[in-house]
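Student: Can we go through this one together? I'm new to it.
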Amino acid sequence: MTDATHQTDTTAEEARLKYYSASQWTLIWWRFRRHRAAMMAASVLGLMFLAGIFAEFVAPYGPVTRDTNYIEGAPQVPRFCDAGGCSVFPFVNGTKTERDPVTLRAISVPDPEVRHYLHVFVKGEPVKLLGLIPTDRHLVGLNPDVDQKIHFWGTDDLGRDVFSRTIYATRTSLSIGVIGVMISFVLALIIGGIAGYFAGVIDNIIQRVTEVIRVVPIIPLYMGLAAAMPKEWSTTQVYFAMTLILGLFGWPTLARRIRSQLLSIRNEDYVIAARLAGARPGRIIAQHMLPSFTSFIIVDLVISFPYMILSETALSFVGLGLRPPSVSWGVLLQQAQSVRAIEQTPWLFIPAIFVVVAVLAFTVIGDGLRDAADPYSEAH
Amino acid sequence: MLRFTLERLVGMVITMLLVSVMVFLIMELPPGDYADRYAFRKYSGTGVNVTEADIEAIRRDLGLDKPMLLRYFDWIGGIVLRGDFGQAFAFETSVAKVIGDKVWLTAGILFSTLLLTYIVSIPIGIFAAVRRGSAVDYGLTVFSYLGLALPNFLLALVMLYFANRWFGADIGGLFSDQYRDASWSVGKVWDLIKHLWLPAVVLAWSAVAIQIQTVRATMSDELNKLSVTAARARGVPELRLLIKYPTRLAINPVVSTIGFDVNRIFSELPIVAVVLGLTELGELLLRAYLDLDMNVAGAILLMLTFTIVFMNFVSDLLLAWLDPRIKLGA
Amino acid sequence: MPKMLTVENLSISFRTSEGVITPVHDVTFGVEAGRTLGLVGESGSGKSISTKALMQLLPGNASLSGETRMTYTDKAGKEIALGRLKTGSKELRRIRGGEIGMIFQEPMASFSPVYTIGNQMMEAIMLHRGLKKRAAREYAIEMLNKVGISNASARVDQYPHELSGGMRQRAMIALTLSAGPALLIADEPTTALDVTIQAQVLDLMRDLQRDLGMGMIFITHDLGVIAQIADDVAVMYLGTIVERGPARDVIRNPQHPYTQGLLDAIPSVEHLHDRLKPVPGDIPSPTARPTGCPFHTRCAQAIAGTCDVTAPTEVSTIPGRAVRCWLHSDKDRNAA
């Protein structure tokens with residue numbers, strides 16, 4: 001054996017030592033990090049969450065701020081060049097109002113004579129960051145002295161900025177997903193835990209009830225619950241009711257997983273030992289049993305996000321979920337229900353891209369985590 | 001087999017009973033009761049002054065003053081014994097009348113969607129498993145992700161848009177204008193079939209994506225089984241071998257999830273119906289919810305769920321028939 | 001007796017994500033009609049894949065080397081080059097089952113669970129004997145009778161899970177033989193069975209082989225079984241044949257240290273009070289094949305500087321036998 005191969009052998013040996021002494025979570029992280037698609041999905045999702053959290057700062061305008069000079073206006077894409085030459089900094093052309101020669105309606109057309117440059121950290125509407133910190137700075141925008149607004153993704157029929165609304169909607173939709181998943185997680189833990197730990201008759205009854213909830217088609221069920229929300233409820237009340245509804249019926253799949261895992265390990269020696277030592281059921285479940293399959297629970301949590309998001313979007317889309325003036329992806333898409341919308345104001349579909357990307361990202365991350373959490377996914 | 005069937009039958013009835021309780025609770029959920037809403041609907045804007053006593057009278061007439069448990073038995077008893085789902089107030093007629101032949105339209109949509117799902121997903125899933133790691137296999141994985149991520153109403157809109165561009169304007173809905181209110185005829189049925197493919201494609205989309213992955217996974221497992229190698233070593237021709245041995249077993253998980261597929265289709269139905277302008281139970285259910293016409297909503301929800309429970313039962317029986325090992329265990 | 005099968009220089013490689021591995025290396029053996037060749041070795045020594053190569057049953061990422069020659073003489077006396085037959089060709093399908101039959105280790109897994117024993121037997125009978133359904137069924141029952149399955153006319157309609165392990169393997173033997181092969185490959189057919197049933201199945205196979213005058217390749221990791229059933233033996237280690245010869249001679253007077261080790265590892269009645277002596281060490285991974293003689297890492301008699309550097313060639317010190325070991329090829333070593 002030559003020296004060179006010997007050298008690589010010792011480094012390989014070190015790597016192996018590090019590998020064998022790493023904790024379960026470190027190992028999962030190492031494997032996950034190698035999953036390129038999942039890492040990409042995680043970054044995209046991270047950006048979405050950031051944008052949602054700091055919506056007041058990222059969005060140039062408020063979700064209901066109207067720009068009556070630019071109704072159903074097309075997206076304004078920042079550019080570096082126009083008929084008058086090029087510039088180092090991005091700008092948009094100004095707009096002017098003209099009469100449509102055919103319909104005689106007032107329409108906005110770009111005015112190549114005027115350039116408005118983009119600025120960062122511009123002064124704008126005063127907002128409260130995270131609902132707490134007052135500020136009037138926004139990430140990007142036009143100079144506040146200009147009496148024109150910038151609409152990256154156009155405006156809707158009331159002249160509201162689609163970009164800003166989508167950012168605010170991202171916050172609503174993602175937060176409903178998070179809270180909904182949390183609620184169903186807690187319920188699944190309790191229900192699945194009881195069924196799996198006590199087994200027998202209790203388990204049988206719980207299984208029956210779970211079965212009933214699983215067979216009712218979920219969106220019609222959600223609809224029934226959402227329809228019962230009093231019409232006079234405030235947007236905040238509706239928001240919390242929605243998260244509750246989504247959470248209350250999202251638990252069966254996860255509860256079944258927890259139950260079957262618990263059933264399979266409830267007669268393991270270490271569990272019996274804990275029982276003999278006089279530990280209470282709650283403690284045995286939490287301290288001794290759950291840790292052995294935490295990684296699977298996390299995977300299940302991640303892949304249940306898409307269902308929450310899609311359900312919220314679907315319910316709001318048909319008018320049974322969140323209601324204007326709330327903004328969520330589903331509420332925004334309500335304005336894009338017809339083929340006419342696709343033809344005339346396709347930019348109203350931009351929120352749909354967010355839905356697709358978010359759902360895809362959660363699914364890909366879930367797959368990546370599942371592979372990473374599976375100790376047999378690779379031979380090292 | 002008889003014992004197995006009976007056991008499953010009893011299980012099905014119990015589940016249906018529990019489902020009916022749940023549906024009834026949902027019907028009772030909205031604030032106020034049927035009498036309030038009935039009075040409000042009937043007299044709002046007419047200038048008639050409705051007093052609490054009037055509402056009380058309506059309540060008594062309809063038996064709504066009885067305790068909840070009794071009302072439940074009235075309701076379910078009416079359905080089981082007389083096929084009577086109660087009154088629909090939207091049209092001041094019986095629920096049965098409102099629903100009418102929409103049941104058959106819904107069944108048509110359901111079965112064409114199921115048919116499409118299996119015709120497409122089973123062969124493609126098998127192909128992907130046989131050609132594992134190929135470009136086709138990879139493309140299908142991407143498609144499956146999209147099948148999950150694309151909200152069905154969005155897909156419906158996009159399909160509608162392209163259908164309009166390519167096949168003309170009259171593609172949404174279930175009937176052309178000339179047949180919409182006509183009585184049933186051969187022409188009308190043919191017209192229905194011409195319109196059914198669009199909702200079927202939209203509704204089958206995600207089911208196909210999921211089933212392809214299921215078939216591919218089981219098929220990959222089955223292809224590696226010793227029994228397949230053994231049959232090959234006996235000189236069984238490849239295509240026949242593929243169909244007789246691994247495919248036969250790869251179909252089992254598909255059969256066992258028929259109920260889930262029906263569930264998914266019904267779940268998506270109301271929303272797809274809105275976009276595509278379908279006049280069937282899903283759309284009616286949505287309208288009933290929006291109008292708080294809970295008798296209609298409850299009846300439809302019950303029908304949809306019972307169909308799912310029944311299809312679960314059917315899939316259990318089919319599976320027992322397909323897999324001789326199950327009968328032994330039961 | 002004429003050789004019905006000759007295998008020369010068989011090497012099999014697999015393309016894997018960790019590179020190309022070659023689990024079978026330059027293997028040469030032959031089977032005479034009416035005789036049994038025992039292939040012995042630990043798991044991973046390449047016994048099974050060698051025989052699968054004969055039937056072209058290897059997965060898609062496997063390939064045979066250019067020097068490989070496998071010649072089979074069929075029932076009509078025609079010579080056929082195995083391993084080179086076109087996939088899906090009639091010729092290959094005739095060889096599979098009709099000329100060469102195969103029995104596997106797991107009788108449960110070799111049957112499809114969703115068809116009756118009879119269904120799977122009749123399929124083979126109709127394919128290779130050209131019988132119609134009714135006649136095929138009769139023949140299947142006859143075969144089940146022949147392998148000692150009682151109440152065969154009822155068993156024929158049963159599913160594999162309704163039979164006991166020993167019965168299943170008997171049924172598998174009946175199924176394989178019902179296609180009328182001239183050469184039977186039995187891949188550890190008794191390993192998964194209870195010891196008492198093992199002996200019955202071994203007896204059955206030996207009797208059937210004699211009655212039908214078949215050639216047989218019997219794969220096992222147990223030299224004790226070889227003593228009972230095989231006429232000739234080839235001992236494999238890490239994809240090479242290290243020793244071959246008549247079974248009795250090899251067992252009585254093993255020449256290769258590995259063969260000696262395998263024999264020492266068999267528990268015997270005469271030495272009940274002695275400790276068992278397993279072959280020391282582990283079989284190396286196929287990705288890390290040792291240089292030189294593949295066995296040198298576990299060999300007590302390894303010659304430093306020779307065995308770990310150059311692979312020995314096969315030499316014949318006793319007529320009719322061959323061994324691949326430096327201890328028996330002094331001349332070659334000096335030459336090397």
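Tutor: Sure. One term to begin with: buried area is the accessible area, taken with a 1.4 Å probe, that two parts lose on being put together, summed over both. Also, this is a predicted model.

Student: OK. How much do domain 1 and domain 2 of chain A bury between them?
Tutor: About 730 Å², with 63% of it on carbon and sulfur atoms. Glu72(A), Trp153(A) and Asp156(A) supply 68% of the area that domain 1 buries against domain 2. No other three residues supply more.

Student: Where do those domains run in chain A?
Tutor: The assignment puts domain 1 at 67–158 and domain 2 at 165–373. Their C-alpha centres lie 39 Å apart. In contact are 10 residues of domain 1 and 10 residues of domain 2.

Student: How many salt bridges cross between the two domains?
Tutor: The rule finds 1. Arg165(A) forms a salt bridge with Asp156(A), and their closest N and O atoms are 3.6 Å apart.

Student: Switching topic. What do chain A and chain B bury between them?
Tutor: About 3,600 Å², 80% of it on carbon and sulfur atoms. Chain A's side divides into 32 nonpolar, 6 polar and 6 charged residues.

Student: Which elements of chain A give two or more residues to that side?
Tutor: Helices H6 (200–215), H7 (218–227), H12 (294–317), H14 (339–344) and H15 (350–373).

Student: And how many salt bridges does the rule find across the interface of chain A and chain B?
Tutor: It finds 0 salt bridges there. Polar contacts do turn up, in 6 residue pairs with both residues at pLDDT 80 or more.

Technical notes:
Residues numbered from 1 in each chain as written. Chains lettered and ligands numbered in written order. Predicted model: local features only at pLDDT ≥ 70, side-chain atom pairs only at ≥ 80, totals over all residues. Heavy atoms only, no water. Salt bridge = Lys/Arg side-chain N within 4 Å of Asp/Glu carboxyl O. Polar contact = N/O pair within 3.5 Å; in protein donor to acceptor, adjacent residues only side chain to side chain. Helix = DSSP H or I, 4+ residues; strand = E, 2+ residues; numbered from the N terminus. Nonpolar A, V, L, I, M, F, W, Y, C, P; charged D, E, K, R; others polar. Domains from an automatic or database assignment. Contact = heavy atoms within 4.5 Å.
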